[in-house]
Amino acid sequence: MLTIKMRNLLSIAASIFFGILLLLNATHASAQQGNTYGVMPFSVNGPAGYKYLEKAIPEMLSSRLYWKDHFNPIAQEQTAKLGAVSGESNAANAQKTLKTAYLIYGTVNIIGEDASLDVKIRDSKGNIVSKNRETKVAQLIPVLKTVADSISTDIFKRPSQTNTVRETTTPAKVNQMNSEIVVNQDSSKDVYLNPQFRYTGSDTDSSRQRSQTLNFSSVDMTIGDLDNDNKNEVLILSATRLYIFNYEKEQLKQMAEYKFPVNCQLLRVSVLPSSAGTPKIIVSTLDQKKPRSFIFTYKGGALAEVNNRVPYFLNVMNLPPDYAPYLVGQSYVTPGLFRMGVYEAIINGTEVSLNKKLDLPEGANLFNTTFMPGSNGVPAESKVVMLSSRERLVVFNNSGGRLSETDERFSGSANGVEVSTSMPGLGDDQVTIPNTFFMPLRMYAVDLDADGRYELLANRPISTASELFERYRFFPQSEIQALYWDGTGLNLQWKTRRIKGSTVAFQIADVNNDGSTSLVVCINTHPGALGAAKRKTILLVYPLDLTKTDPNTAADPSEKEEQ
């Protein structure tokens with residue numbers, strides 16, 4: 001009798017135990033679903049030139065709504081397969097397929113310069129909230145940011161970042177996304193001796209990561225998703241080879257390598273993204289004093305040539321009005337180097353042709369120019385920034401009028417190209433010292449603090465010897481500076497601490513594919529005062545905590561430093 005009772009008790013206990021397990025699994029599944037949202041392709045009703053908004057709007061909203069440890073987006077490739085959503089039943093089916101708690105979809109109607117934005121958010125219970133906005137087309141980007149912030153606050157119940165910063169920060173401080181960024185403060189203390197004292201921080205924290213040392217010197221670096229798997233690769237160009245790396249746990253893992261012909265001087269590596277097709281890797285070189293560009297694709301850990309004899313200099317630039325990446329090209333001329341005129345380039349199969357000419361100031365080429373969007377997307381306030389032959393930053397308005405020029409020197413590349421000064425058919429000039437064109441480092445227009453005003457990121461090389469000797473290019477130190485337009489010139493917003501070594505390239509990207517943005521800097525080690533030591537490559541990564549930015553804090557006043 002006792003045995004039968006024991007069996008009954010054990011049976012009841014087992015039922016309760018398995019019931020608890022099922023409940024926990026259901027709760028976990030519900031929690032997992034509640035942590036995701038899917039942003040569908042938008043329906044765009046308007047001129048064909050705005051077709052790019054179908055994918056551009058979801059990418060922007062998806063990135064803007066991301067809340068670490070709380071809400072994660074469904075991969076864009078999954079939502080793209082389902083296409084744009086029209087109607088409530090269509091939305092319900094899409095949400096069920098994606099198994100997400102929130103489905104975000106909508107339409108954009110564009111008539112002339114006016115745009116109407118209708119964004120809908122559907123929760124797991126079928127409730128739909130609409131966010132409607134009427135705006136000018138030029139103001140569409142800042143309006144999208146406002147809508148995304150409204151969804152984060154109203155739907156996701158995310159605390160207002162601006163209010164959080166204001167309430168918890170005493171005394172008020174300027175923006176600091178990383179303790180390695182100098183902003184006239186020490187972020188770890190509320191008290192400092194004087195606001196003009198620059199606290200340098202410490203290397204003992206994780207504010208700067210460092211890769212292993214690569215046993216070669218580099219001439220360029222860029223980061224991009226090469227095979228549309230939503231994971232970025234690192235591309236590093238040495239004097240003779242192109243390397244593809246994955247960056248994981250502060251280590252660069254080599255995935256592919258390509259050796260160029262011995263006559264080619266490597267100039268620039270770029271990535272041309274393509275959400276519909278295959279991204280292209282563009283490498284611009286100089287072969288026996290004439291341009292020769294290479295186009296590759298990357299798949300399955302291998303590089304494949306598309307064209308290895310494009311007779312133009314090629315690069316990828318963010319062009320107005322949407323400031324999306326486009327392929328641009330420029331021809332060669334002698335005497336000199338660049339033929340006047342930079343053009344949009346089109347890849348048709350394996351061939352490349354030059355199309356529309358860009359409106360650029362005199363002296364601009366496809367490597368030394370960056371477009372800066374106007375404040376809050378106003379086209380009339382947009383700028384063109386050009387690196388001059390003296391390596392100063394020259395600012396032009398959108399009509400080509402010259403506005404200002406910096407006193408400080410920027411870029412500081414050691415990759416030089418001899419510029420021919422002799423007339424064709426007369427042979428090389430044996431008397432005159434040849435001019436040298438040093439490849440400009442990329443500059444970027446960014447709005448990291450989301451205040452609607454774009455800053456220019458540029459590298460500033462630091463060397464006393466280079467001021468005295470024009471051809472001395474082994475800069476022992478450098479720093480990345482964020483510059484803003486103050487109405488009369490470029491002024492300092494923030495800068496990194498001194499970087500020991502020569503900066504080769506830098507970029508804002510998610511280099512380790514963890515969902516967070518970083519400032520990534522590729523440097524060559526300094527060879528010493530005599531230049532005898534072998535230079536090597538190191539990747540520095542500065543994780544950026546964008547939640548610590550407050551659009552309403554004051555900019556850091558510019559300071560001229562004696563070097």
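The following questions and answers go through some strands, sheets and aromatic pairs of this predicted model.

Trainee: Is strand β33 largely enclosed by the rest of the structure or exposed, and how many of its residues are buried?

Mentor: Strand β33 covers residues 518–524. Buried means under 20% relative accessible area. Strand β33 is largely enclosed by the rest of the structure, because the buried residues number 7 of the 7.

Trainee: Which residues of β33 lie on the side opposite Ser518, Val520, Cys522 and Asn524?

Mentor: In a regular strand, side chains alternate between the two faces of the sheet. In β33, Ser518, Val520, Cys522 and Asn524 are buried on one side. The other side is covered as well, and its buried residues are Leu519, Val521 and Ile523.

Trainee: Which residue of β33 is the bridge partner of alanine 509?

Mentor: Strand β32 (residues 502–509) runs antiparallel to β33, and 7 bridges join them. Alanine 509 has its bridge partner in β33, namely serine 518.

Trainee: Which residue in β34 stands opposite valine 521?

Mentor: Strand β34 (residues 537–543) pairs with β33 in the antiparallel sense, over 7 bridges. Val521 is one of the buried residues of β33. Opposite valine 521 in β34 stands leucine 540.

Trainee: What are the edge strands of the open sheet β13-β14-β15-β16?

Mentor: The sheet has 4 strands in that order, with antiparallel pairing. An edge strand pairs on one side only, and this holds for β13 (264–272) and β16 (302–310).

Trainee: Within that sheet, which residue of β15 stands opposite aspartate 287?

Mentor: Strand β14 (residues 280–287) pairs with β15 over 7 bridges in the antiparallel sense. Across from aspartate 287, the residue in β15 is lysine 290.

Trainee: What is the average twist from one strand to the next in the open sheet β21-β22-β23-β24?

Mentor: This sheet is also made of 4 strands with antiparallel pairing. Its edge strands are β21 and β24 (402–405), each pairing on one side only. From one strand to the next, the twist averages 20°.

Trainee: Which residue in β22 stands opposite threonine 369?

Mentor: Strand β21 and strand β22 (residues 383–387) run antiparallel and are joined by 4 bridges. Threonine 369 has opposite it, in β22, methionine 386.

Trainee: How many aromatic pairs are there?

Mentor: Rings count as a pair if their centres lie within 6.5 Å. By this rule the count is 18.

Trainee: How many residues apart in sequence are the parts tied together by tyrosine 258 and phenylalanine 296?

Mentor: The two rings form an edge-to-face pair, 4.7 Å centre to centre with 65° between the planes. Tyrosine 258 lies in strand β12 (residues 251–259) and phenylalanine 296 in strand β15 (residues 290–299), so the pair ties together parts whose separation in sequence, in residues, is 38.

Trainee: Are those two residues, tyrosine 258 and phenylalanine 296, buried or exposed?

Mentor: The cut-off for buried is under 20% relative accessible area. Tyrosine 258 is at 17% relative accessibility. Phenylalanine 296 is at 0%. Tyrosine 258 and phenylalanine 296 therefore both count as buried.

Trainee: Where does phenylalanine 367, the ring partner of phenylalanine 313, lie?

Mentor: The ring centres of phenylalanine 313 and phenylalanine 367 are 6.3 Å apart and the planes are at 80°, so the pair is edge-to-face. Phenylalanine 313 lies in strand β17 (residues 313–319), whereas phenylalanine 367 lies in the loop between β20 (351–357) and β21 (369–372).

Definitions and conventions. Residues are numbered from 1 along each chain as its sequence is written. This is a predicted model: local features need pLDDT of at least 70, side-chain atom pairs count only at pLDDT 80 or more; totals for chains, interfaces and linings use all residues. Side-chain values use heavy atoms; hydrogens and water are left out. Buried means under 20% relative accessible area, exposed over 50%, partly exposed in between (1.4 Å probe, protein chains only). Helices (H or I, at least four residues) and strands (E, at least two) are DSSP runs, numbered from the N terminus. Two strands pair if DSSP finds at least two bridges between them. Rings of Phe, Tyr and Trp (its six-membered ring) pair if their centres lie within 6.5 Å; planes under 30 degrees apart count as stacked, over 60 as edge-to-face and the rest as tilted. Axes are lines fitted to C-alpha atoms, for helices over the stretch in contact, and angles run from 0 to 180 degrees between N-to-C directions.
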